[in-house]
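Subject: Structure for you to look at

Hello,

Here is the structure I said I would pass on. My notes on what turned up in it follow below.

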Amino acid sequence: MKRAFACLGLVAALAATTPVHAQFNPGPVRMPGDSCPNTPYPADHTVVLTQEQETTVRCWFTAGSNDAGLRLVQNYMAQQPADYGRVLGVLGVLVGDTIKSASSISGRTAMTQAMKSSSIGFGDTITPSGPRQPSPVAMRILAQLYMAGRGVDKDPAAALKWLKRAEKGGDEVARDLHQSWLAAGRITD
């Protein structure tokens with residue numbers, strides 16, 4: 001009797017974890033990133049990615065990986081000269097807000113809309129990964145760009161706003177940076 005209940009519980013658990021569309025449409029279910037190539041790339045943030053490596057990292061970023069987005073930011077900042085238009089585009093997605101680029105770049109607003117999951121063909125579907133969680137690390141990087149005026153117009157008030165958001169998100173480096181900026185008199189609370 002106990003074995004029957006255990007089997008019934010296992011079947012119920014599997015049914016609850018299987019997406020509804022997979023229960024009624026047998027066939028392969030694709031997860032975000034399943035179609036991304038498995039190209040190795042250097043973790044060193046000072047190394048500029050090859051085109052193939054960048055394509056791989058961009059695929060993972062589009063599939064919902066904040067870590068891949070941060071590696072793209074590092075890549076665009078490591079290029080000579082740094083590609084701040086692309087940096088701001090990725091950061092905008094990672095922080096979930098529109099970022100106005102500096103007037104020296106062209107005054108346009110960077111594209112900041114997250115890519116939505118969609119059908120990929122051959123009857124497979126990508127299970128939506130849900131809304132992207134804002135990245136506190138990306139918020140800190142954005143604060144540093146505002147403080148230095150790199151890619152955006154120098155704006156200590158905007159830097160402080162993003163630094164506080166990063167702190168609220170749990171970024172301890174942002175907390176330390178906030179304290180050092182206060183001590184240096186670069187910002188006031």
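Confidence varies along this predicted model: among the elements of the protein chain, the lowest mean pLDDT, 45, belongs to helix α2 (residues 20-24), and the highest, 96, to α6. The protein chain as a whole averages a pLDDT of 77, and 68% of its residues score at least 70. Two stretches need a caution. Over residues 18-30 the pLDDT stays under 50, and the model has 16 contacts beyond four places in sequence for them. The pLDDT is also below 50 over residues 106-129, a stretch with 48 contacts in the model beyond near neighbours in sequence. Where pLDDT is low, predicted coordinates should not be read in detail, so please treat those contacts as part of the model and no further.

As for the overall make-up, the secondary structure of the protein chain comes to eight helices and zero strands. Of the 189 residues in the protein chain, 36% are buried. Among contacts with a separation of 6 or more, 53% are between residues 24 or more positions apart.

Next, the helix packing. Two packed helices are described by the angle between their axes and the distance between the axes. Two pairs follow, both involving α5.

The axes of α4 and α5 come within 8 Å and cross at roughly 160°. An angle over 145 degrees counts as roughly antiparallel, which makes α4 roughly antiparallel to α5. The contact between α4 and α5 has ten nonpolar, two polar and one charged residues. On the α4 side it involves N66, G69, L70, L72, V73, Y76 and M77, and these meet Y84, R86, V87, V90, L91 and L94 in α5. The crossing of α4 with α5 is left-handed.

Helix α5 (residues 84-95) also packs against helix α6 (residues 136-148), at an angle of about 140° and with the axes 9 Å apart. Here α5 and α6 are oblique to each other, because 140° is not over the 145 degrees required for roughly antiparallel. The crossing of α5 and α6 is left-handed. By class, their contact holds eleven nonpolar, no polar and no charged residues. From α5 these are Y84, V87, L88, L91, L94 and V95, and from α6 they are A138, M139, I141, L142 and L145. Y84, V87, L91 and L94 of α5 appear in the contact with α4 and in the contact with α6.

In the loop between α4 and α5 sits P81. The peptide bond from Q80 to P81 is cis, with omega near -5°. For context, most peptide bonds are trans.

Two single residues may also be worth a look. T56 lies in helix α3 (residues 51-62). Is T56 buried or exposed? With a relative accessibility of 2%, T56 counts as buried, since the cut-off for buried is under 20%. Apart from its neighbours within four places in sequence, T56 is in contact with P37 and T39.

Q74 is found in helix α4 (residues 66-78). Its relative accessibility is 29%, so Q74 counts as partly exposed. Q74 and V48 are 26 residues apart along the chain, and their C-alpha atoms are separated by 8.3 Å.

Regards

How values were computed:
Residues numbered from 1 in each chain as written. Predicted model: local features only at pLDDT ≥ 70, side-chain atom pairs only at ≥ 80, totals over all residues. Heavy atoms only, no water. Helix = DSSP H or I, 4+ residues; strand = E, 2+ residues; numbered from the N terminus. Buried < 20%, exposed > 50% of the residue type's maximum accessible area, 1.4 Å probe, protein only. Axes fitted to C-alpha atoms, helices over the stretch in contact; angles between N-to-C directions. Parallel < 35°, antiparallel > 145°, perpendicular 65-115°, else oblique. Left-handed = near helix turned anticlockwise from the far one by under 90°. Contact = heavy atoms within 4.5 Å. Nonpolar A, V, L, I, M, F, W, Y, C, P; charged D, E, K, R; others polar. pLDDT = per-residue confidence, 0-100.
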